[in-house]
Amino acid sequence: MTDRRDLQAFHPFGRLNSLLDGVPAGHSGIDVPELAAGEPTLLSVGEPQNQPPAFVAEEIARAAADWSRYPPPRGTGAYAKACLAWLTQRYGLSAGMIDPQRMFLPLAGTREGLFFAALATTPADPGTGETPVILMPNPFYHVYAGAAAAAGAEAICVPATRENGFLPDYGALPPEVLARTTLCYYCSPANPQGAVASLAQLQDLIALARRYGFTVAFDECYAEIYTETPPPGALEAAAALGGTLDNMLVFHSLSKRSSAPGLRCGFVVGDPRQIRAIEGLLRVGSAGVPLPVIAAGTRLWQEESHAKANRARYQANFTVAERVLGNRFGFRKPAGGFFLWLDVGDGESAAVTLWREAGIKVLPGAYMCAEDAAGDNPGTPYIRIALVYDAALTEAALARLGEIL
Ligand SMILES: Cc1ncc(COP(=O)(O)O)c(C=O)c1O
């Protein structure tokens, strides 16, 4: 278990900076308008580079008087209504399935909610004499591991490899582990592999959580970024199981859907008991979502055309990746998300070579993984590449990468 005073230990970008420290960036020779001459190509961070719609700035300006108000922890009724209308339409839910008073909270992006979910579900002393467990996929978004450490839980990282379709099979864990589990993180579309869970897999996980009495945190922040068909969601699965949100929390945000990672705007819906606990934590530990941001977020959840255009950009990037990479590095077009998870043999050495030769920054896969029981890091052969630029830059960068590796 990691010391909660050292949560930075989980940060993959700190490790990447140390790896590249002292290695001069090479010149890529990539000549595209999106990049100033000689500027490095940063494919390591999943930060959408497209601009959100212009109406975001207009809404924020219109609500300027509200900068003098503290953010209300429950946002506004209009924001809740817009989020629930979007969920209802996106997942074909029946009206009234989600009670905004008891089952909904605005969040400053999914990250803070994913973090607080660990504290909300994991008692400091479970009274059983046993250490609580938080489950997560391996590879994982670093916040899951940091949250587990902060909650004093044992983090168990469950393989999400090519052999099992890049999704963790929590149902295969020993009953003793499941009995100690308080929370389980599940990401679909998955960062980094882009795997998408089927409706049946989501239903099975909810049923498992209800059988053992733990909560599933469904991280669906990539739900709107997909290559062909819209990924099923946990709320659809809950509807098929009868409609209650017991033992589940579902997280969404505008960072990826609307290319607005700087806006810090999202929400969680789920089990009223856990929502109440998260609200308590947010009220003491979060600054809240400012009202002008809530106003812009309301418009964004109501508007589909920009999300569609945004998705088309990523789809074009994957078409380019398919053309440039073929089946090299184990490439296959992922079902969702905007990352490539490429098997290059040795991810750390590939990251150093790409940086030194061409100023291309990628993330070694090992930095997103924990060692398995045998002491092996399953991410070692991989690099993660974020396809967050336009198709021209993507094409030039992947062609250069293909030449170098
Ligand atoms: C898997 C995953 N979950 C959650 C987040 C947090 O995103 P946000 O807080 O912007 O919604 C990210 C961000 O990159 C992510 O990759």
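The exercises below concern a predicted model of a protein with a bound ligand.

**Exercise 1. The shell around the ligand**

Find how many residues surround the ligand, and state how they divide by class and by element.

Solution.
- Step 1. The ligand is surrounded by 15 residues, and the closest are Asp219, Tyr222, Ser253, Ser255 and Arg264.
- Step 2. Sorted by class, the shell holds six nonpolar, five polar and four charged residues.
- Step 3. The ligand sits in the largest pocket. Two or more residues of the shell come from each of the elements α5 (110–121) and α10 (254–257).
- Step 4. Helix or strand, the element with the largest share is α5, which gives three residues.

**Exercise 2. Polar contacts to the ligand**

Identify side chains that place a polar atom close to an oxygen atom of the ligand within the 3.5 Å limit for a polar contact, and state how much of the ligand the protein buries.

Solution.
- Step 1. Start with serine 255: an N or O atom of its side chain is 2.5 Å from a ligand oxygen.
- Step 2. For tyrosine 222, the separation between a side-chain N or O atom and an oxygen atom of the ligand is 2.7 Å.
- Step 3. For asparagine 191, a polar side-chain atom lies 2.8 Å from an oxygen atom of the ligand.
- Step 4. Now take the surface. The ligand alone exposes 400 Å², and the protein buries 91% of that area.

**Exercise 3. Two cis peptide bonds**

Locate the cis peptide bonds that join asparagine 138 to proline 139 and asparagine 191 to proline 192, and describe their surroundings.

Solution.
- Step 1. Between asparagine 138 and proline 139 the peptide bond is cis, with omega at about 10°.
- Step 2. Asparagine 138 belongs to strand β3 (residues 133–138), while proline 139 is placed in the loop between β3 and α6 (142–150).
- Step 3. Is asparagine 138 buried or exposed? Its relative accessibility is 3%, so asparagine 138 counts as buried.
- Step 4. The side chain of asparagine 138 has a polar atom 2.8 Å from the backbone nitrogen of alanine 370.
- Step 5. The other bond, between asparagine 191 and proline 192, is cis with omega at about 15°. Proline 192 is in the loop between β5 (181–187) and α8 (199–212).
- Step 6. Asparagine 191 also appears in Exercise 2, where a polar atom of its side chain is 2.8 Å from a ligand oxygen.

**Exercise 4. Positive phi outside glycine**

Classify phenylalanine 166 and asparagine 247 as buried or exposed, and give the phi angle of each.

Solution.
- Step 1. Phenylalanine 166 has phi near 65°, a positive value in a residue other than glycine.
- Step 2. Its place is the loop between β4 (154–159) and α7 (175–180).
- Step 3. Phenylalanine 166 has 7% relative accessibility and therefore counts as buried.
- Step 4. In asparagine 247, phi is likewise positive, near 65°, and this residue too is not glycine.
- Step 5. Asparagine 247 sits in the loop between α9 (234–240) and β7 (248–253).
- Step 6. With a relative accessibility of 11%, asparagine 247 is counted as buried. The cut-off for this class is under 20% relative accessible area.

**Exercise 5. Partly exposed residues and their C-alpha distances**

For valine 196, glutamate 357 and aspartate 376, work out the exposure class, then give a C-alpha distance for each.

Solution.
- Step 1. Valine 196 is in the loop between β5 and α8. Its relative accessible area is 24%, so valine 196 is partly exposed.
- Step 2. From valine 196 to leucine 167, the C-alpha distance is 8.0 Å, with 29 residues of sequence separation.
- Step 3. Glutamate 357 lies in helix α14 (residues 347–358). Its relative accessibility is 41%, so glutamate 357 counts as partly exposed.
- Step 4. Glutamate 357 and alanine 25 are 332 residues apart along the chain, with their C-alpha atoms separated by 7.1 Å.
- Step 5. Aspartate 376 occupies the loop between β11 (363–364) and β12 (382–386). With a relative accessible area of 46%, aspartate 376 is partly exposed.
- Step 6. Aspartate 376 is ten residues from alanine 366 along the chain, and the C-alpha atoms of the pair are 9.8 Å apart.

Definitions and conventions
Residues numbered from 1 in each chain as written. Predicted model: local features only at pLDDT ≥ 70, side-chain atom pairs only at ≥ 80, totals over all residues. Heavy atoms only, no water. Near = heavy atom within 4 Å. Polar contact = N/O pair within 3.5 Å; in protein donor to acceptor, adjacent residues only side chain to side chain. Areas by Shrake-Rupley, 256 points an atom, 1.4 Å probe, with all protein chains shown as cover. 1 Å grid on protein atoms, 1.4 Å probe; cavity = no way out; pocket = protein on both sides within 12 Å on 5 of 7 lines; lining within 4 Å. Sits in = over half its atoms within 2 Å of the grid points. Helix = DSSP H or I, 4+ residues; strand = E, 2+ residues; numbered from the N terminus. Nonpolar A, V, L, I, M, F, W, Y, C, P; charged D, E, K, R; others polar. Buried < 20%, exposed > 50% of the residue type's maximum accessible area, 1.4 Å probe, protein only.
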